[in-house]
Amino acid sequence: MSSLSAPRVTRVVFLVVGIVAALLAVAPLWWILVSSLRPSAEIFSTMAPLSWRTFVPTSVDFGNYAHILSSPTVRAIVNSIVVTAITVVVGLVVNSMAAFALAALNVRGRQVIFAVVVLSFMIPFDAVAIPLSTLTRQAGLANSFVALVLPGLGNGLAIFLLRQFFLGIPSELVEAARLDGARTWTIYWQVYLPMSGGALTGAGLILFIFQWQAYIWPLLVVSDPSKDMGAVALGRLFGQYGVDWGVVFAAAVLLTIVPVLIILGFQRFLVNSVSQGAIKG
Amino acid sequence: MRHTKPALATVLVIALATLAGCSGSSGGGTSTSSAGNSSITFLTFYDDTAVQGLISTYCQSHPNVTIQHQTVPFADLNQTIETRLANKSTDVDLYMADQPRISSLVNSGYLADVTGTVSDTSIWLKSALDASTVDGKLMAYPVNTSTSVLYYNADLLNAAGITPPSANPNDRLTWDQVVAEAKQAQAAGAQWGLQFDQVSRYYQLQPLIESAGGGSGLTGTGNLTPDVTNDGWTAAMTFYQSLYTDGVSEKGITPDQTPDSFASGKVAFYIGGTHLAAQWDSDNVSFKWGIAAHPYVAGGQPVTPTGAWSIGINPNSKNIGAAEDFAKWITTTAEGQQAFLNVDAGIPAQTSQLDSYLSSGIWGQGPSGSTPGDLVKYELQNTAVIRPVSIGYIQFEAITGTTFEDIRNGISVTSALQSAQQQLTDAFAHLS
């Protein structure tokens with residue numbers, strides 16, 4: 001019988017610690033998922049003292065999901081998907097054009113403009129949301145999808161990441177394109193963008209997350225329940241006389257599925273784009 | 001062909017009726033008036049479908065008004081009022097005003113003085129009227145109110161050999177009796193002896209403090225002098241802390257979670273609002289439960305919490321008359337109050353509506369004169385004490401809430417109250 005070598009023991013210890021840490025990280029999410037399949041009273045009867053029944057349902061009840069799927073929350077989730085999709089598509093065009101201008105064009109004062117862009121994402125959006133909402137209302141945009149989309153389009157962090165990536169594109173490529181007669185728009189559209197899939201994915205995810213979790217802004221500019229966003233609809237489930245936690249958890253699960261699927265699908269690009277953005281320039 | 005003219009006329013009539021008719025819609029934000037028609041915007045935190053039903057009922061007798069409903073999540077109402085009424089905005093014409101915040105809303109210029117628009121204010125419960133009155137002026141129309149009762153899990157009490165308490169206010173238990181029986185129930189199997197509904201919130205703890213002789217915590221002109229370190233406050237908070245150090249009440253639980261904790265059958269006694277009775281009744285919880293009178297401190301006066309919602313008018317509204325008419329219909333007429341019950345099932349502020357409300361369903365069950373409904377009526381008329389009317393109430397509620405949590409978590413009662421006294425003094429220095 002041979003004893004385990006020291007490096008192997010260390011590896012096993014790290015593995016066990018890693019598994020425990022992963023379980024601890026996943027446990028609250030799992031509990032929310034399990035609780036969404038229980039009536040509210042049962043959620044709390046199994047919560048304390050902590051036992052295996054806290055995390056393993058003895059019966060499954062889809063009543064909470066049936067309630068949510070027949071409520072206006074569904075429409076709000078669809079609104080969130082539509083608004084977020086428009087924000088990501090239009091926002092990527094706007095932000096990549098701005099980043100291209102700051103990285104590749106010899107615009108006078110571009111360093112100052114870039115400094116303003118960097119400053120812009122240091123200021124919390126909530127700090128400017130109230131005066132901005134007043135302007136939006138005065139412009140007659142209240143209760144419109146345009147009002148929901150607009151503040152999500154220009155994103156300083158997305159411009160910063162894209163600019164850093166664009167700075168890393170060899171200038172020889174641009175010069176070659178110019179020799180071939182390409183104009184600025186062609187260089188942007190046919191040289192920069194095709195090479196920037198990872199960076200665009202990262203910027204797109206930043207735009208997506210900003211819009212998907214937006215709460216204060218929709219609350220300020222929309223008062224028509226038919227234009228509710230998902231996060232606000234979730235907020236409506238917390239009523240004056242209490243909370244049906246099973247229903248809240250079911251809504252939270254539905255609202256989480258979309259970003260989880262997208263982030264899992266694109267996480268490789270996201271990590272790459274952030275690291276590339278950090279080292280280039 | 002011969003039907004063309006009648007058909008065209010019918011279409012025209014319907015179109016005109018639609019244009020001129022009273023209707024409800026969601027969203028909006030405009031407030032216009034033309035050709036005798038008014039358009040007003042009503043800001044609430046209620047379900048849109050329920051409010052549209054209320055508006056439809058109103059429209060049957062008021063065909064020349066268009067009412068737009070804006071609704072926000074409950075937790076965001078006060079912030080939304082601040083943003084939508086700021087800068088003399090006319091986005092909102094009338095809105096739900098939280099009664100303890102009325103003073104502050106008046107101070108901010110967000111409430112129109114409606115004194116004199118109702119000839120007889122004795123139609124409302126005195127506590128609801130007082131909570132809507134600032135410096136002798138009626139600043140909002142009271143629509144509903146609230147109180148708390150002592151709920152008990154009859155199965156847990158029976159298992160411990162405890163006789164369930166009575167709904168008769170003359171047989172009211174003291175806090176010490178409740179705690180003694182709670183501990184007895186725990187010894188017989190109850191996980192927790194006593195739970196507060198709105199744990200660590202001023203609304204729920206005010207009766208304990210007032211009954212202990214501590215007063216509201218605010219005194220002086222405009223209720224802007226804090227007084228939270230007196231003997232009554234100290235005794236009440238010492239008792240509150242002992243519930244958690246002795247394991248009678250559950251630590252860490254939040255107000256959103258406490259109703260489900262009782263409904264899961266783990267708690268022997270529960271201090272909570274009357275709305276929970278209907279909820280547990282319809283949910284068919286798996287044990288027998290009952291209602292008794294709110295406890296009091298031995299040697300002190302019985303005190304119960306109260307207060308809910310009023311309807312306020314934006315002083316900058318372009319249609320104040322139409323907004324007042326709608327608010328008055330809800331708050332002063334039987335038809336309006338009944339229609340509003342479909343929106344919010346809270347206890348009506350109109351005294352004429354109390355009997356029918358408190359004799360229906362679970363409230364009317366039991367021996368005549370000692371039904372839960374009789375108890376609630378007694379509490380509203382005899383023991384209800386409103387929260388202090390002060391422009392500093394918002395800060396007071398926030399600071400005392402943090403203090404109650406600190407005390408629940410084991411911080412010295414004396415130092416916690418002294419800290420609260422200092423924080424309140426600093427906060428009020430900017431207000432007085």
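## Exercises on a predicted two-chain model

Across the interface of chain A and chain B there are 9 residue pairs in polar contact, both residues at pLDDT 80 or more. The model is predicted. Work through the exercises in order.

### Exercise 1: Confidence

Task: State how confident the predictor is in each chain, and find the stretches where the pLDDT is below 50.

Solution.
Step 1. Take chain A. Its mean pLDDT is 87, and 94% of its residues reach 70 or more. Residues 277-281 of chain A have a pLDDT below 50. Beyond near neighbours in sequence, that stretch has 7 contacts in the model.
Step 2. Take chain B. Its mean pLDDT is 90, with 92% of its residues at 70 or more. Residues 1-20 of chain B have a pLDDT below 50 and make 4 contacts beyond near neighbours in sequence. Residues 29-35 of chain B also have a pLDDT below 50; their count of such contacts is 19.
Step 3. Draw the lesson. Where pLDDT is low, the predicted coordinates should not be read in detail.
Step 4. Add the scores for the model: ipTM is 0.77 and pTM is 0.84.

### Exercise 2: Two domains in chain A

Task: Locate the domains of chain A and describe how they meet.

Solution.
Step 1. Find the bounds. The domain assignment gives domain 1 as 8-61 and domain 2 as 67-280.
Step 2. Place the centres. The C-alpha centres of domain 1 of chain A and domain 2 of chain A are 33 Å apart.
Step 3. Count the residues that touch. In domain 1 of chain A, 9 residues contact 6 residues of domain 2 of chain A.
Step 4. Look at the area. About 570 Å² is buried between domain 1 of chain A and domain 2 of chain A, and carbon and sulfur atoms give 79% of it. A:Ile32, A:Ser36 and A:Ser40 supply 56% of the area that domain 1 of chain A buries against domain 2 of chain A. No other three residues supply more.
Step 5. Check for salt bridges and polar contacts. Between domain 1 of chain A and domain 2 of chain A the rule finds 0 salt bridges. The count of residue pairs in polar contact, both at pLDDT 80 or more, is 0 as well.
Step 6. Name the elements. Helix 1 (6-35) and helix 2 (40-45) of chain A each supply at least two residues of the side of domain 1 of chain A that touches domain 2 of chain A. Helix 1 of chain A has the largest share of that side, 4 residues.
Step 7. Sort that side of domain 1 of chain A by class: 5 nonpolar, 3 polar and 1 charged residues.

### Exercise 3: Chain A against chain B

Task: Describe the side of chain A that touches chain B.

Solution.
Step 1. Count. In chain A, 26 residues contact 31 residues of chain B.
Step 2. Look at the area. About 2400 Å² is buried between chain A and chain B, and carbon and sulfur atoms give 53% of it. A:Phe44, A:Gln240 and A:Tyr241 supply 27% of the area that chain A buries against chain B, more than any other three residues.
Step 3. Return to the 9 residue pairs in polar contact across the interface of chain A and chain B. Now name the elements. Those giving two or more residues to this side of chain A are helix 2, helix 7 (125-138), helix 13 (216-221), helix 14 (230-236) and strand 1 (238-239) of chain A. Helix 2 of chain A gives the most, 4 residues.
Step 4. Sort this side of chain A by class: 16 nonpolar, 7 polar and 3 charged residues.

### Exercise 4: The salt bridge between the chains

Task: Which residue forms a salt bridge with B:Asp91?

Solution.
Step 1. Recall the principle. Side chains of opposite charge can pair when their charged atoms come close.
Step 2. Count. Over all chains there are 10 salt bridges. Across the interface of chain A and chain B there is 1.
Step 3. Identify the pair. A:Arg137 is the partner of B:Asp91, with the closest N and O atoms 3.3 Å apart. The cut-off is 4 Å, so the pair qualifies.
Step 4. Place both ends. B:Asp91 is in the loop between helix 3 (77-85) and strand 5 (94-98) of chain B, and A:Arg137 is in helix 7 of chain A.

Conventions. Residues are numbered from 1 along each chain as its sequence is written. Chains are lettered from A and ligands numbered from 1 in the order in which they are written. Side-chain values use heavy atoms; hydrogens and water are left out. Domain bounds come from an automatic or database domain assignment. Contact means heavy atoms within 4.5 Å. Buried area is the accessible area (1.4 Å probe) that two parts lose on being put together, summed over both. A salt bridge is a side-chain nitrogen of Lys or Arg within 4 Å of a carboxyl oxygen of Asp or Glu. A polar contact is a pair of N or O atoms within 3.5 Å; within protein, one must be able to donate a hydrogen and the other to accept it, and residues adjacent in sequence count only if both atoms are side-chain atoms. Ala, Val, Leu, Ile, Met, Phe, Trp, Tyr, Cys and Pro count as nonpolar, Asp, Glu, Lys and Arg as charged, and the others, Gly among them, as polar. pLDDT is the predictor's confidence in each residue, from 0 to 100.
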